[in-house]
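Got the viewer open? Let's take a stroll through the strands of this one and see who sits beside whom.

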Amino acid sequence: MSERQRVCAIEDVPPGKAGEFVVDDRIVAIYNVDGKFFALDGVCPHAGGPLGKGHLMGTRITCPWHGWQFDVTTGRHCLTPNIEQQRFEVTVEGDDVFVELS
Ligand code: FES
């Protein structure tokens, strides 16, 4: 069952940026792609790096530890599409960003 949780304020993650947040004991990475928000599980599946602290270029996030790259709109690894990071549905209400944690 999924649960909708507030993650942050819109202004916490400006366009073109990523942010890392703890929600319900989970690390959630939030991305702002030209004003549209996306969310992934913030723990890199390679070795646990912080996907919310990587460099966002377009829709591509680069893990700061060893450079794995993911498309934040799908969660798919950019070179190995069968590696798929968990994605969360995002909604914006007023000034706040919410995710559906599952
Ligand atoms: S921990 Fe993310 S690329 Fe290694």
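What follows is a walk from a hairpin, through two sheets, to one aspartate. Keep in mind that this is a predicted model.

Start with strand S2, which covers residues 18-23. In a regular strand the side chains alternate between the two faces of the sheet. You can see that pattern here: Gly19, Phe21 and Val23 face one way and are buried, while Ala18, Glu20 and Val22 face the other way and are not buried.

Now for the partner of S2. Strand S3, residues 26-33, runs antiparallel to S2, and six bridges join the two. To pick out one of the pairs, find valine 22 and look across to isoleucine 27, its bridge partner in S3. S2 and S3 make a hairpin, and just two residues lie between them. In that turn, check the backbone of aspartate 24: its phi is positive, at about 55 degrees.

Next up is an open sheet with three strands, in the order S1-S10-S9 and with antiparallel pairing. Which strands stand at the edges? They are S1 (3-9) and S9 (90-93); each has a single partner strand, so one side of each has no neighbour in the sheet. On average, neighbouring strands here are turned by 30 degrees against each other, if you ignore direction. Zoom in on S1 and S10 (residues 96-101), and you'll find six bridges in the antiparallel sense. One handy landmark is alanine 9, whose bridge partner in S10 is aspartate 96.

There's another open sheet of three strands to visit, ordered S5-S6-S7 and also paired antiparallel. S5 (55-57) and S7 (69-71) take the edge positions; with a single partner strand apiece, each is therefore left with one side lacking a neighbour in the sheet. The average turn between neighbouring strands of this sheet is 25 degrees, again with direction ignored. S6 (residues 60-62) pairs with S7 over three antiparallel bridges, and isoleucine 61 has phenylalanine 70 as its bridge partner in S7.

Last stop: aspartate 41, which belongs to strand S4, residues 36-41. Is aspartate 41 buried or exposed? Its relative accessible area is 17%, and the cut-off for buried is under 20%, so aspartate 41 counts as buried. What is aspartate 41 in contact with, leaving aside neighbours within four places in sequence? The list takes in Arg26, Ile27 and Ala29, then Leu51, and finally Gln85, Gln86 and Phe88. Ile27 may ring a bell: that's the isoleucine that bridges to valine 22 from S3.

Definitions and conventions
Residues numbered from 1 in each chain as written. Predicted model: local features only at pLDDT ≥ 70, side-chain atom pairs only at ≥ 80, totals over all residues. Heavy atoms only, no water. Buried < 20%, exposed > 50% of the residue type's maximum accessible area, 1.4 Å probe, protein only. Helix = DSSP H or I, 4+ residues; strand = E, 2+ residues; numbered from the N terminus. Pairing = 2+ DSSP bridges. Axes fitted to C-alpha atoms, helices over the stretch in contact; angles between N-to-C directions. Contact = heavy atoms within 4.5 Å.
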